[in-house]
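Student: Could you take me through one part of this structure closely, and tell me how its charged and nonpolar side chains are laid out? I would enjoy one connected answer.

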Amino acid sequence: MTSQSQGIQQLLQAEKRAKDKLEEAKKRKGKRLKQAKEEAIAEIDHYRLQREREFRHKQSNIMGSQGNLSTKIEDQTTEKIRDITNSFHKDMENVMKQLLNMVYDIKPEIHPNYRDTV
């Protein structure tokens, strides 16, 4: 009977060791999963920061060029306005003379489509 109880004790001890090993394996697996998750989060954060830096760089390049473009357009506009104003002042007298000559030199004529109904 002692040999039976000794065999049972050995089986119970073996079962307990197996249970302990399973629990330890589960803990290691949990640690590995947790570590993998942390590494993935760190990698995602690094990638996100890198992409944000690239985006800001591209955005500053584009916005900077748009700022230069708007100043160029403003300069061109003021130059065109200045040219048109100069042209207006230069040609105003000649245009007024031509206009007044056309108004003063009216030659009354009968329109070709006019029919004498009398």
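**A close look at helix H1**

Tutor: Happy to, and let us start at one residue and work outwards: Ser-87 sits in helix H1. Please keep in mind throughout that this is a predicted model. Ser-87 counts as partly exposed because its relative accessible area is 35%. Looking back along the chain, His-57 is 30 residues away from Ser-87, and the two C-alpha atoms are 45 Å apart.

A second pair gives another reading of distance along the chain. Glu-79 is also part of helix H1, and its C-alpha atom is separated by 39 Å from that of Arg-53, with their positions 26 residues apart in the chain. Glu-79 has a relative accessible area of 45%, so this residue is classed as partly exposed.

Glu-79 also brings us to the charged surface. Together with Glu-74, Asp-75 and Asp-83, Glu-79 forms a negative surface patch. Glu-74 belongs to helix H1 as well. Its label is exposed, because its relative accessibility of 56% is over the 50% cut-off.

Now for the acidic side chains that have a partner. Side chains of opposite charge can pair when their charged atoms come close. The model has five salt bridges by the rule used here, and three of them are worth walking through in chain order.

Begin with Glu-24 and Arg-28, whose side chains make a salt bridge with an N to O distance of 3.3 Å. Both residues belong to helix H1 and are four residues apart, which is about one turn of the helix. Glu-24 is partly exposed, at a relative accessible area of 46%. Arg-28 is likewise partly exposed, with a relative accessibility of 46%.

Further along, Asp-45 and Arg-48 are joined by a salt bridge of 3.2 Å, N to O. Here the spacing within helix H1 is three residues, again about one turn of the helix. Asp-45 comes out as partly exposed at 35% relative accessible area, and Arg-48 is partly exposed at 45%.

The third pair is Glu-52 with Arg-56, a salt bridge in which the closest N and O atoms lie 3.5 Å apart. These two also sit in helix H1, four residues apart, or about one turn of the helix. Glu-52 is partly exposed, with 32% relative accessible area.

For the charges of the protein as a whole, there are 24 positive and 19 negative ones, and their mean positions lie 17 Å apart.

Next, the nonpolar side of the story. Phe-88, Met-92, Met-96, Leu-99, Leu-100, Val-103 and Tyr-104 make up a nonpolar surface patch of about 710 Å². One of these, Val-103, lies in helix H1, which covers residues 2–104. Val-103 is partly exposed because its relative accessible area is 47%. Over the whole protein, the accessible surface is about 12,300 Å², and carbon and sulfur atoms account for 57% of that.

Let us now go to the other end of the helix numbering. Ser-5 is a member of helix H1 and is partly exposed, at 37% relative accessibility. From Ser-5 to Asn-113 the C-alpha to C-alpha distance is 139 Å, across 108 residues of sequence.

Finally, here is how the close-up fits the whole. The protein has one helix and zero strands. Its radius of gyration is 49 Å, well over the 13 Å that the globule rule gives for 118 residues, so the protein is more spread out than a compact globule. The C-alpha atoms fill a box of roughly 155 × 45 × 10 Å along the principal axes. Buried residues make up 0% of the 118 residues, a figure that rests on a cut-off of under 20% relative accessible area.

To draw the threads together: helix H1 holds the pairs Glu-24 with Arg-28, Asp-45 with Arg-48 and Glu-52 with Arg-56. The negative patch includes Glu-74 and Glu-79, and the nonpolar patch includes Phe-88 and Tyr-104.

Key:
Residues numbered from 1 in each chain as written. Predicted model: local features only at pLDDT ≥ 70, side-chain atom pairs only at ≥ 80, totals over all residues. Heavy atoms only, no water. Patch = residues over 30% accessible without salt bridge, like charges linked within 9 Å, V, L, I, M, F, W, Y side chains within 5 Å. Areas by Shrake-Rupley, 256 points an atom, 1.4 Å probe, with all protein chains shown as cover. Salt bridge = Lys/Arg side-chain N within 4 Å of Asp/Glu carboxyl O. Buried < 20%, exposed > 50% of the residue type's maximum accessible area, 1.4 Å probe, protein only. Rg over C-alpha atoms; globule rule 2.2 N^0.38 Å. Lys, Arg positive; Asp, Glu negative; His and termini not counted. Charge placed at Lys NZ, Arg CZ, Asp CG, Glu CD.
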